[in-house]
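Open the model in a viewer and keep the selection tool at hand. The tour moves from single residues to a sheet, a helix and then whole chains.

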Amino acid sequence: MIVASNLTKRYPGGYEALRDISFSIDAGEMVLITGHSGAGKTTLVKLIASIERPTSGSLVVNGQNLSALRRSAIPYVRRHFGLIFQDQKLLFDRSALDNVMLPLHIAGLSHKDAIRRAQAALDKVGLLAREKANPIALSGGEQQRLAIARAVVNRPTVLLADEPTANLDQESAQDILELFADFHRVGVTVVVATHDQAWVEYCQGNVLRLDHGRLI
Amino acid sequence: MNPWLSQHRAALGLALRRLWATPFNTLLSLLAIGIALTLPAFGYVALDNLRELGRSASGVQQISLFMEVGATKAEVAAIENRLQALSTAKITFVPRDEALKRLKKSEEMTEIVASLPRNPLPDAFIVDPADTAPATLEALRQEMAGWPKVAHVQLDSAWVKRFDAFLRLGKLAVLMLAGLFGAGLVAVTFNTIRLQVMAQAAEIEVARMIGATDAFIRRPFYYFGALQGALGGLLAALLVLGALHLLATPIGELAALYGGSFTLHAPEGSEVMLLASLGALLGWLGAQLSVSLSLRSFD
């Protein structure tokens with residue numbers, strides 16, 4: 001599903017965020033990327049999601065080599081992923097429902113179908129009752145659940161998250177972990193970059209540990 | 001509904017909502033575009049009316065064909081046949097006796113005509129060509145002059161040429177104005193869209209991350225630019241129609257003072273549609289330039 005070979009990412013100025021890392025993630029696995037701040041977790045997530053490109057090495061997702069991908073093909077690759085960020089990247093000029101409908105509009109679904117599927121996704125994360133609320137009126141945990149609903153509404157093959165519980169209290173963080181576990185149980189591949197110990201315990205060894213850009 | 005159509009419908013809806021969301025800004029932009037398009041559009045309509053006025057002015061674009069004095073009836077008939085073969089022309093035959101009668105009616109000429117031993121005037125034809133372009137008229141004059149038993153062909157080509165040169169100058173001025181104000185329209189749209197892209201920066205960033213193509217992101221801005229341009233074009237057409245309505249009475253009165261009548265021609269429906277389409281095209285161009293430049297900052 002995801003195969004990285006000798007992956008290196010060097011930023012302009014010479015800073016090497018990732019150096020010569022190789023790993024493989026099978027379909028349906030739940031894998032954690034851990035490490036201290038600056039270890040390269042976010043960079044790796046961005047490479048997998050094609051938000052950034054590797055300097056060298058290859059990264060193959062669903063049989064497609066992302067390193068050799070044309071620029072115009074990148075949006076279609078990203079649609080295979082459900083992306084969740086630490087800062088959620090929600091849009092505060094529209095309702096929770098409209099936020100979740102955005103990936104469906106991008107995929108070209110009719111408005112009627114988009115509403116139906118967005119409501120189902122909101123129901124899944126327990127936010128259907130708040131569909132008309134502006135995200136700014138939601139708590140931190142609810143905002144993260146809304147971001148998850150937006151990530152899963154297009155039925156992605158990979159759920160990719162960067163520190164999804166970093167700013168949440170313990171109870172909300174536990175809710176989020178359980179949501180991810182639910183998606184993992186139904187066969188979705190889950191890749192989470194985190195330094196939260198609760199996740200490490202849940203994943204029981206399925207961990208990619210980074211240190212100064214190297215896999216240890 | 002297929003995804004492509006669904007996305008276009010959604011983009012059009014979004015563009016309409018954005019136009020409606022800031023009515024004051026939209027009104028100001030439409031006024032700027034409308035006024036920019038009004039000047040060349042009004043110039044075009046004025047030239048069109050002038051061209052019509054030139055065409056309808058009595059005698060100014062007629063060709064007079066004079067037969068030789070000794071031409072027989074058969075020879076005159078042969079020339080008439082040739083003239084009738086020019087299917088686009090209107091022909092009036094003036095027999096030499098009729099011409100003399102007209103001359104006699106003139107007070108200053110009565111005595112001179114009475115002293116003449118015989119009628120010195122030839123048979124003549126007056127030709128009103130359908131195509132009044134100077135080059136066509138001149139070609140026609142030369143062709144007629146080569147016909148047998150034709151003594152002289154007269155065309156007031158200097159007047160026609162002057163009038164045509166004036167129309168061409170006016171046309172050039174209108175084109176220059178149109179180019180200048182068209183660029184203004186592009187600039188207005190460019191700026192409006194640039195501000196919109198800045199205001200939608202968060203949405204564009206998120207949409208790109210979750211798989212939006214460039215076309216998906218650009219589409220609503222293109223629709224916005226084209227809609228704004230088209231509405232500006234329609235506003236320009238309304239302003240031109242308003243101006244023509246105000247001018248109709250004074251121009252009619254002026255024409256009456258010269259013993260004639262003249263009615264201003266308003267632009268036709270197809271011309272209004274053309275103006276709106278031109279506005280839409282320029283608006284789309286402004287949007288295209290603006291989005292291309294603005295989206296570079298997201299790369």
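Start by selecting B:T213, in the loop between α8 (201-209) and α9 (214-257) of chain B. Helices here are DSSP runs of H or I with at least four residues, strands are runs of E with at least two, and both are numbered from the N terminus. The model is predicted: local features need pLDDT of at least 70 and side-chain atom pairs pLDDT 80 or more, while totals for chains, interfaces and linings use all residues. Residues are numbered from 1 along each chain as its sequence is written, chains are lettered from A and ligands numbered from 1 in the order in which they are written, and side-chain values use heavy atoms, without hydrogens and water.

Is B:T213 buried or exposed? B:T213 is buried, at a relative accessible area of 14%. Buried means under 20% relative accessible area, exposed over 50%, and partly exposed in between, with a 1.4 Å probe and protein chains only. Now show A:P75, A:Y76 and A:R79 as well: B:T213 touches these residues, when residues up to four places away in sequence are not counted. A contact is a pair of heavy atoms within 4.5 Å.

Next, select B:Q196 in helix α7 (residues 157-199) of chain B. B:Q196 is also a buried residue, with a relative accessible area of 12%. Which residues does B:Q196 contact beyond its neighbours within four places in sequence? They are B:R18, B:F221 and B:F224. For a distance check, pick the C-alpha atoms of B:Q196 and B:L254: they are 50 Å apart, with the two positions 58 residues apart along the chain.

**The sheet in chain A**

Move to chain A and display the open sheet of four strands, in the order β2-β1-β4-β5, with antiparallel pairing. Two strands pair if DSSP finds at least two bridges between them. The edges are β2 (16-25) and β5 (64-65) of chain A, each paired on one side only. Strands of a sheet pair through backbone hydrogen bonds, either parallel or antiparallel.

Select β1 (residues 2-10) and β4 (residues 56-61) of chain A together; these antiparallel strands are joined by five bridges. To find the register, pick A:A4, whose bridge partner in β4(A) is A:L59. A:I2 stands opposite A:V61 in β4(A).

Stay on A:V61 and look towards β5(A), where A:V61 stands opposite A:Q64. Two bridges join β4(A) to β5(A), and the two run antiparallel. They form a hairpin with two residues between them. Select A:N62 in that turn: its phi is positive, about 50°.

**A covered helix**

Select helix α1 (residues 41-48) of chain A. How many of its eight residues are buried? Six are, so the helix is mostly covered. Colour A:K41, A:T43, A:L44, A:V45, A:L47 and A:I48 to see the buried set. After α1(A) comes A:S50, which has a positive phi, near 65°.

**Whole chains**

Zoom out to chain A, which has seven helices and 10 strands. Its radius of gyration is 17 Å, close to the 17 Å that the globule rule gives for 216 residues, so chain A is as compact as a globular protein of that length. The radius is taken over C-alpha atoms, and the rule is 2.2 Å times the number of residues to the power 0.38. A box along the principal axes that holds the C-alpha atoms of chain A is roughly 45 × 40 × 35 Å. Of its 216 residues, 53% count as buried.

Then select chain B, with 10 helices and four strands. From the N terminus on, its elements run α-α-β-α-β-α-α-β-α-β-α-α-α-α. Chain B has a radius of gyration of 30 Å, whereas a compact globule of 299 residues would have one near 19 Å. Its C-alpha atoms fill a box of roughly 100 × 40 × 30 Å along the principal axes. Buried residues make up 38% of the 299 residues in chain B.
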